[in-house]
Amino acid sequence: MQINGQARITFCSNDYLGLANHPRLVAALQQGAARWGVGAGAAHLVNGHFEPHSELEFLLADWLAVPRALLLSTGYMANLAVVGGLVGRGDTVIADKLNHASLNDAAKLSGATLLRYRHADMNDARRQLMRAEGVKMILTDGVFSMDGDVAPLSTLMALAEEFDAWLVVDDAHGFGVWGGAGRGSLAQLGLTCRGVPDYLLQVGTLGKAFGSAGAFIAGAAQPIEVIMQRARSYVFTTAQPPALAFATQTSLRLVQAGDDLRAAWRARVEQFKQGMPAGWRLMASDTPIQPVLIGASSAALAAAQSLAQAGFWVPAIRPPTVPAGSARLRVTFSAAHTVDHVAALLTALANLPRVDG
Ligand SMILES: *Cc1c(COP(=O)(O)O)cnc(C)c1O
């Protein structure tokens, strides 16, 4: 990227497959605009729902082998929709403490009681489920956005079955990134090979590995229909531009055929882990999200600033985005990075004064 005229190599984007600037995607958006114009003009339920929206929903559902997918304008809105559409006052949301802010906001806005369990602690999740009243909904990130680790999805599925709860997996950082044909974390763990159960709803954003914008909720037909009819972030907002839905169909095809892109980010992550200079602490992650744990916010900021001077854009992520005392450099990798980019980052880290939180 060019920042005020200065070149920086970015290690903070969620464009994991490097699709955001893919020539086929750019061409598809231009074609889409030539055919459908720019704005949708109204909400989906008025006259803003165009053929490319329907086609994209059909293709997403087909890709994930579920009956239905619903397209929303952003992942934030998809989370408001899936929670607010299915639970309300008198119901209970059971949520991982490190979930993305949009899931927390969705739970609060829904009016349901919010019970949070310690990160990935399944005994604590069970305790919260035993206290839960009304309709129960378990909420989790698939890949946690600031740590890069993966939720204990198999146990969460067992708990959802046992307690007759909805399970919502927000796989913003899993779709496209891994799993067969990029089908995400559940596929990566082999949990959907015998079909996707009706209690399971998957949320994906199209603004990350897809290199586009928008989001979807995918699952059984009945809950998706209820969400479509009731969710305020679907009903009361302008539909995403049809040209974008058209372009995203190309990005889905690139994701499905993207085994080489997935191999590329994996190779860069491996190179980074192997070459990490002594004295720096990585977190337990096998995803493109590779946080370098520092501790104090001031130390993390200083490290980010030194890296900026060396020509890199790596953000310091600090509380309240992450728990107190766990400020970090959130380094993310993309298929668009080269071996040289990663080697240069490793050299820059080796040359930084050792920061200690
Ligand atoms: C980015 C993100 C979102 C929000 O998606 P947008 O499409 O950017 O609104 C939701 N959940 C998680 C886990 C995310 O990382």
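**Helix α4 and the ligand shell**

Modeller: In this predicted model, the residues of α4 that are buried are G75, M77, A78, N79, L80, A81, V82, V83, G85 and L86.

Colleague: What makes α4 a mostly covered helix?

Modeller: A residue is called buried when its relative accessible area is under 20%, and ten of the twelve residues in α4 are buried, so the helix is described as mostly covered.

Colleague: How do you know that the span of α4 agrees with what twelve residues should give?

Modeller: The expected span is 1.5 Å times one less than the number of residues, which for α4 comes to 16 Å, and because its end C-alpha atoms are 17 Å apart, the two values agree.

Colleague: Why is T74 said to cap the N-terminal end of α4?

Modeller: A side-chain oxygen of T74 lies 3.4 Å from the backbone nitrogen of Y76, and because a polar contact needs a pair of N or O atoms within 3.5 Å, this pair qualifies.

Colleague: Which residues are closest to the ligand, and what makes the approach of G75 a polar contact?

Modeller: Of the 13 residues that surround the ligand, the closest are G75, D170, H173, T205 and K208. A backbone N or O atom of G75 lies 2.7 Å from a ligand oxygen, and as the limit is 3.5 Å, the pair counts as a polar contact. Polar side-chain atoms of H173 and T205 lie 2.5 Å and 2.8 Å, respectively, from an oxygen atom of the ligand. The protein covers 82% of the 380 Å² of accessible area that the ligand has on its own.

Colleague: Which helix gives the largest share of the shell?

Modeller: Helix α4, residues 75–86, contributes three residues, the largest share.

Note on methods
Residues numbered from 1 in each chain as written. Predicted model: local features only at pLDDT ≥ 70, side-chain atom pairs only at ≥ 80, totals over all residues. Heavy atoms only, no water. Near = heavy atom within 4 Å. Polar contact = N/O pair within 3.5 Å; in protein donor to acceptor, adjacent residues only side chain to side chain. Areas by Shrake-Rupley, 256 points an atom, 1.4 Å probe, with all protein chains shown as cover. Helix = DSSP H or I, 4+ residues; strand = E, 2+ residues; numbered from the N terminus. Buried < 20%, exposed > 50% of the residue type's maximum accessible area, 1.4 Å probe, protein only.
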